[in-house]
Amino acid sequence: MKNKLLDGKTLAKQIRAEISQKCKDLKRQAGIIPGLAVVIVGDDPASHSYVRSKEKACFEVGFYSEVHKLEKSITQQELLQLIKQLNSNPKINGILVQLPLPDHIDENMINENIDPKKDIDGFHPINLGNLFLNRPNFVPCTPKGILRLLKHYEISIEGKNVVVIGRSNIVGKPTAALFLHENATVTLCHSKTEDLEMYTKQADILIVAVGRPNFITKDMIKEGAIIIDAGTTKVNNKLTGDVDFDDVYDKVEKITPVPGGVGPMTIAMLLENTLEAVLKK
Ligand SMILES: NC(=O)C1=CN([C@@H]2O[C@H](COP(=O)(O)OP(=O)(O)OC[C@H]3O[C@@H](n4cnc5c(N)ncnc54)[C@H](OP(=O)(O)O)[C@@H]3O)[C@@H](O)[C@H]2O)C=CC1
Ligand SMILES: Nc1nc(=O)c2c([nH]1)NC[C@@H]1CN(c3ccc(C(=O)N[C@@H](CCC(=O)O)C(=O)O)cc3)C=[N+]21
Ligand SMILES: [Mg+2]
């Protein structure tokens, strides 16, 4: 039977191997070691799990990495202080502040204070603005990983109906901009969308980032669609996507598994952006 998987895990591994080689070359030729700082506030287990994956990935490719674990009770001022310190630390090329942040901390205020040259998530307003103007500096990791995966599988995007569900600043919104620049016809859906199925049934490429397990079922999609599932929710200790994989599988052309699809690509792009940050210094 035809293999319909868009295998992000395998592609991410290849990309990490290339980054590892580039890291060795940089060290040998210029004595440079790329450095990533990850900041995490509070004790959400899922967030800590992602941060551990990022740490491990950094170690494997030979990057320097530091993780700053902060109490949930930290003030915005204290967090800004840490960011300013990381901005001026020459060992650090990339800064990632794990989202979401506690309610008393203003996410925009934090993103605004990361040096745009170290903003490897691409969340600084200047970088997001430049992405929307189609002159990207850092492309946010999840959208970049999704596009890379589709290109790897030679899936054509130009002229296609791309429907994105979810309009977060970290996934949905930048994904819509990126695919618009690939000349797709983009529809961005969200919780207030009326008659969601009307849109999803038209999608040649359906990208889902909602955070509701098994939300997308067979009856909602077009025959032969390409399905990208960014959702990751723990259900009974099992990581579950937003798409009911088993239900839709027969009907799709290609689909990303969860785990093993978008997640590993996100981490690979994080490493790639950190390497790019070294060259922008
Ligand atoms: N694999 C990876 O690398 C990554 C995975 N994720 C995962 O992706 C998922 C989404 O995360 P994130 O982008 O941060 O999302 P948010 O939780 O910030 O936003 C969810 C989005 O889904 C929309 N939504 C909620 N319910 C519905 C509905 N019934 N119909 C249509 N739209 C709906 C919301 O609409 P509204 O705006 O109207 O509220 C919102 O835009 C999560 O599972 C997260 O864990 C996130 C980042 C990276
Ligand atoms: N500033 C910021 N940047 C982010 O990029 C960011 C963030 N905040 N907050 C949280 C989300 C979520 N996210 C994931 C990254 C990797 C996997 C991943 O590697 N998942 C594996 C499985 C890992 C497991 O088994 O637990 C997979 O899907 O195969 C998932 C989710 C990045 N995020
Ligand atoms: Mg909502």
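The following exercises, each with a worked solution, concern a predicted model.

**Exercise 1. The sheet**

Determine the order of the strands in the open sheet of five strands, and state which strands lie at its edges.

*Solution.*
Step 1. Reading across the open sheet gives the order β5-β4-β6-β7-β10, and the pairing is parallel.
Step 2. An edge strand pairs on one side only, and this holds for β5 (185-189) and β10 (254-255).
Step 3. The pairing of β5 can then be examined in detail. Its partner β4 (residues 161-165) runs in the parallel sense, and the two are joined over five bridges. Within this pairing, N161 has T185 of β5 as its bridge partner.
Step 4. A helix also belongs to this picture: α7 (residues 172-181) lies across β4, β5 and β6 (205-208), and runs at about 170° to β5.

**Exercise 2. Two helices in contact**

Describe how helix α6 and helix α10 pack, and classify the angle between them.

*Solution.*
Step 1. Helix α6 (residues 141-152) packs with helix α10 (residues 262-280) at an angle of about 110°, and the axes are 8 Å apart.
Step 2. Because angles of 65 to 115 degrees count as roughly perpendicular, α6 is roughly perpendicular to α10.
Step 3. From α6, the contact involves C141, T142, K144, G145, I146, R148 and L149; from α10, it involves V262, M265, T266, A268, M269, L270 and N273.
Step 4. By class, the residues of the contact of α6 with α10 are eight nonpolar, four polar and two charged.

**Exercise 3. The surroundings of the two ligands**

Identify which residues come nearest to ligand 1 and to ligand 2, and which element gives the most to each shell.

*Solution.*
Step 1. Around ligand 1 there are 25 residues, of which G166, S168, S191, G211 and T266 come nearest. The largest share of this shell, three residues, comes from α10.
Step 2. The shell around ligand 1 comprises nine nonpolar, 13 polar and three charged residues.
Step 3. Around ligand 2 there are 18 residues, and those that come nearest are Y50, L99, P259, G263 and T266. Here α10 gives the most, with four residues, while α2 (45-61), β3 (94-97) and α10 each supply at least two.
Step 4. The shell around ligand 2 has ten nonpolar, seven polar and one charged residues.

**Exercise 4. The domains**

State how the protein is divided, and relate the division to ligand 2.

*Solution.*
Step 1. The domain assignment gives domain 1 (32-119) and domain 2 (141-262).
Step 2. The C-alpha centres of domain 1 and domain 2 lie 28 Å apart.
Step 3. Each of these domains provides at least three residues of the shell around ligand 2.

How values were computed. Residues numbered from 1 in each chain as written. Chains lettered and ligands numbered in written order. Predicted model: local features only at pLDDT ≥ 70, side-chain atom pairs only at ≥ 80, totals over all residues. Pairing = 2+ DSSP bridges. Contact = placed C-beta atoms within 7 Å. Axes fitted to C-alpha atoms, helices over the stretch in contact; angles between N-to-C directions. Parallel < 35°, antiparallel > 145°, perpendicular 65-115°, else oblique. Nonpolar A, V, L, I, M, F, W, Y, C, P; charged D, E, K, R; others polar. Domains from an automatic or database assignment. Near = placed C-beta within 6 Å.
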